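The questions below go through one structure in turn, each followed by a short answer. They start where two chains meet.

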Amino acid sequence: MTNLSSLPFAVPNSGLPGVAWPAVPDDAASRMLALQLQLDQSQWWPAAMIEKRQFEQLHGVLAHAQRNVPFHGPRLAAAGFDPRVPLDRDLWSRIPVMTRREVQLNRDALASRSIPPEHGAVREITTSGSTGRAITVLATEVHAIIWQAITLREHLWHRRDLAAKLAVIRSRSGGTAEYPAGRIEPGWGPSTDVAYRTGECAILNTSCTTAEQAEWLARQDPDYLLTTATRARELARLFRRSGQVLRRLREVRTYGEALADDLREQCRDTWGVPVVDMYSAEEIGYIALQCPEREHYHVQSENVLVEFLDDLGRPCRAGEIGRVVISSLHNFATPLIRYEIGDYAEVGAVCPCGRGLPVLKRIMGRVRNMLRMPDGNTRWPNFMLAKTRSDLPVAQIQIVQTALDTLELRVLPEQPLSSQERGRLLDYVRDWAGPQFKVQLRIVDAIPRGAGGKFEEFLSELPQ
Amino acid sequence: MDNTTAARWQVRGRPRGKQRQALHSLPRFERWPLCVSDTLDPNALPYAVPKSALPGVRWPAVPDAAASRMLALQFQLQQSQWWPPEVIEKRQFEQLRHVLAHALRTVPFYRERLAQAGFDSRVPLQRELWARIPLATRKQLQLHRQELRSSAIPPEHGNVTEISTSGSTGTPLTIWATATYALIWQAITLREHFWHRRDFDAKLAVIRTQPSGGAQYPQGVLAPGWGPSTDVAYATGPTPTLNPTCGTLEQAEWLVRQNPDYLLIGATRALELARHFCRTGLKLARLREVRTLGEVIADDLREQCREAWGTRVVDMYSAREIGYLALQCPRHEHYHVQSENALMEILDEQGRPCREGEIGRVVVSTLHNFATPLIRYEIGDYAEVGEACPCGRGLPVITRILGRVRNMMTMPDGTRRWPNFMLDKAHSDLPPAQMQIVQTALDTLELRAAPARPLVAHEHTRMLEYLRDWAGPQFKVGVRIVDAIPRNAGGKFEEFMSLIKDGE
């Protein structure tokens, strides 16, 4: 039996009395659905057509930046950008990459002196980032509209039931949505509600303990859960141990952190549901969404041009890991052009689903989550900490590189560890790290999250 | 399309195992019509980008309000075409319940009919109740014009205009229609372009009767775009239009001069032109497609167009009082009912729904015209029901549109059938002629011919033999040479016409 409230069967709200289907939506809803039609088409375009459209759009961004943004003017001129000539790959690759640090230092020089008024109200976005150094950009309403359009696309991709109940556990400022009540909203939020009727949305601030979060969740009994990857894993673990169930849960939606190797398995084992992850950044919007048919990601090419560059600045090929460099297509307030966001990701091969949107296989995290080998090489730690934890009474583990040849295993135990358990933990890490590292074990009371509220399994304290 | 590309598309397009069911509901580009070469023409659908209302934002476009509304409808049509038939029907009945509630309240003609059928606006509409609503004939619509107009048209539905359609019999039918009706009409016009992946940069030539009398030969008239349905959201190529008050020769000359990419024209005129081009060896170098509307397409039209221009024919089935009834499938020659615009029933003589392969009366209900709601309106055409389409669309299929009752032949025993003659077979050894068969009495058929030159005696005999062979021994036959065969009051050419009294 087809569920008529689930996408793509759900019908938008109509603005006309007596006309239910096809709906004739109001202006705001129409704009959202007009974008949705375009996204629906462009996802299937061949990669070459997508890139062509991106460069056409970026041409407008560059012309605007050269004229109005002091930071970009000389850089673009030096690269040879001429607004009268179509943009091509060669010229593009001559534009210097801008680092997060440069964005921090050049906040004013990055702001446009003349934002087209048609782009709507401008607001300030501050993102703390995992390093704790805040960056601030200005963003127009267009930036917000595209953000919302891709939020709705994500629901379409995963064919959500819009009548279902969504629970959100996220960090919120100002003491709102506090445990035990949390907060109940009548709909999922503006991206959906502008065009569709949606179910209830229960929100909880993460200021409470995992046990309290679990209790709240059980009480809410949602169909979908939206939270960060680490929290989802902690919750799954807690539910499994307590034997509590979430009867109606259909899907865990995660954002904001690199997915731990075992999160999908944990959620399947505990709740019998899949994980759907998204990759976004406040200053950029959506970067990639999980493919509806696979566990990898599709770059949101209608919002950003994403490049994956190796250490020499050359584009990575499928299977290679590179720096994520992003250009946003529509923010004329603080245009970000070849912005090195600080993450590393693995490039994927063309997706069998048929979408022409580039594939991102894995998001690895930041430079500070990279292991430096004593010989100077770097690599992405790929340890199965989860396996280690599963048979030991351990709540959280973090490995910290404290010196070029030293790894510290920080453990937050659930109960005092026996010497045999300590030994097993050390063995795991020694096996994984190899003989060139000294490994130390430290029992801690808490493992602090990064400034962005993100949990890091591996952290390097070496100067970057 | 080279072989590799073709193979790639085919692999993508084929429903595989478990995915088969999901295909019904997943709107996917790879299942789009791929009959056109995959040239990645950036102005061809689905690559064309709408016009953006914001400076500096080209893609994705942020269109203005009117364009957004059109594209929002397109987005819905894009989804609903893949819905399973039962979902489509459910949505139709939900919508029709609004129409019926409105009609019961504000349209005198329906008050009694709906009440007697047991319609209650508080209860979801069901098939059983629906089938109890009496059919409305064209004649009734003509007689009850005023009682069919709603006394309270929702102002939100926009301006109300009067639509008059002469029809084949010459008795005009007048209804009122809202701007919402026009909007859905336009949305389906645009859908038709999407289905057939038109290139918006291309030149569209139109040969159609102009009520205003303008667009006369030799100039015709040139419009900068294809019309409001496309131009509201996209930039389109030029559209030269010619009023076909001139002869085929002039139309052909004008066409050659225009050298269009697409030609929009009535089916009979297309056939006449195609024959003319074949005979004269004239070419239309750029022509990619002939789009026909308004007439039953002759058996050999597709073949003739392929021969004359190397193009395919894309036909549409519409009526002024209804809007689009059916569009040709992007991948096949049959039609998909436009269920988002109207509920179409095809009923047998007893009023029962026809099954696949059966021919029945076309009965239509409009979903959105709150000015003159048409509920179970017997439009007068006959059509053949098709089976579910392998393209995956859930929209019902009709294989053929057969025309009107007066285009049906009555056999001497009283039974009726659809004449299926190959008039142009007679052309091969005869001079070109416009021909029509008229049933003048229960046992008499007359072939009216307007040949390009006078016939010699043996040609006259030959023609008579053709007719006798085709009609069989139960008919008396005759041939009559005429100067011209007039079109009917609606401007349509009829290959077969019955003058028997109960034929209409």
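Q: How many residues of chain A are in contact with chain B?
A: This is a predicted model, and the contact is computed from it. On the other side, chain B contributes 52 residues. The number from chain A is 49.

Q: Which element gives the largest share of the side of chain A that touches chain B?
A: The elements of chain A that give two or more residues to this side are helix H1 (27–42), helix H2 (47–68) and helix H6 (141–157). The largest share is 13 residues. They come from H1(A).

Q: How many residues on the side of chain A that touches chain B are nonpolar?
A: Sorted by class, this side of chain A has 8 charged residues and 12 polar ones. The nonpolar residues number 29.

Q: What radius of gyration does chain A have, and why does it agree with a compact globule?
A: The C-alpha atoms of chain A fill a box of roughly 70 × 60 × 45 Å along the principal axes. For 464 residues, a compact globule would have a radius of gyration near 23 Å. Chain A agrees with that because its own value is 23 Å.

Q: What percentage of the residues of chain A count as buried?
A: Chain A holds 12 helices and 21 strands. Among its contacts with a separation of 6 or more, 63% are between residues 24 or more positions apart. Of the 464 residues of chain A, the buried part is 45%.

Q: Are H8(A) and H9(A) roughly parallel or roughly perpendicular?
A: Helix H8 (residues 210–220) and helix H9 (residues 229–242) of chain A pack with their axes 10 Å apart, at an angle of about 75°. Angles of 65 to 115 degrees count as roughly perpendicular. Therefore H8(A) and H9(A) are roughly perpendicular.

Q: Which residues of H9(A) meet H8(A)?
A: From H8(A), the residues in the contact are Thr210(A), Ala211(A), Gln213(A), Ala214(A) and Leu217(A). By class, the residues of the contact of H8(A) with H9(A) are 6 nonpolar, 2 polar and 1 charged. On the H9(A) side they are Glu234(A), Leu235(A), Leu238(A) and Phe239(A).

Q: Why does Asp221(A) count as partly exposed?
A: Asp221(A) sits in the loop between H8 and strand S7 (224–228) of chain A. Its phi is near 50°, a positive value in a residue other than glycine. Asp221(A) counts as partly exposed because its number of C-beta neighbours inside 10 Å is 14.

Q: Is Ala215(B) buried or exposed?
A: Ala215(B) also has a positive phi, of about 60°, although it is not a glycine. It lies in the loop between strand S4 (204–207) and strand S5 (221–223) of chain B. A residue needs 20 or more C-beta neighbours to count as buried. Ala215(B) has 21 of them inside 10 Å, so it is buried.

Q: Where is Pro180(A), which follows a cis peptide bond?
A: The peptide bond from Tyr179(A) to Pro180(A) is cis, with omega near 5°. A cis peptide bond also joins Trp21(A) and Pro22(A), with omega about -15°, and Pro22(A) is in the segment before H1 of chain A. Pro180(A) is in the loop between strand S4 (166–170) and strand S5 (183–185) of chain A.

Q: Which residues of strand S3 of chain B point to one face and are buried?
A: Strand S2 (residues 161–165) of chain B runs antiparallel to S3(B), joined by 5 bridges. One of the bridge partners is Leu173(B), paired with Thr165(B). Along S3(B), residues 173–177, Thr174(B) and Trp176(B) point to the other face and are not buried. The buried ones are Leu173(B), Ile175(B) and Ala177(B).

Q: Which are the edge strands of the open sheet of 4 strands in chain B?
A: The strand order in this sheet is S20-S19-S18-S21, with mixed pairing. Strand S18 (residues 433–441) and S21(B) pair in the parallel sense over 3 bridges, and Gln439(B) has Ser498(B) as its bridge partner in S21(B). The edge strands, each pairing on one side only, are S20 (476–481) and S21 (496–498) of chain B.

Methods
Residues numbered from 1 in each chain as written. Chains lettered and ligands numbered in written order. Predicted model: local features only at pLDDT ≥ 70, side-chain atom pairs only at ≥ 80, totals over all residues. Pairing = 2+ DSSP bridges. Axes fitted to C-alpha atoms, helices over the stretch in contact; angles between N-to-C directions. Parallel < 35°, antiparallel > 145°, perpendicular 65-115°, else oblique. Contact = placed C-beta atoms within 7 Å. Nonpolar A, V, L, I, M, F, W, Y, C, P; charged D, E, K, R; others polar. Rg over C-alpha atoms; globule rule 2.2 N^0.38 Å. Buried ≥ 20, exposed ≤ 12 C-beta atoms within 10 Å, placed from the backbone.
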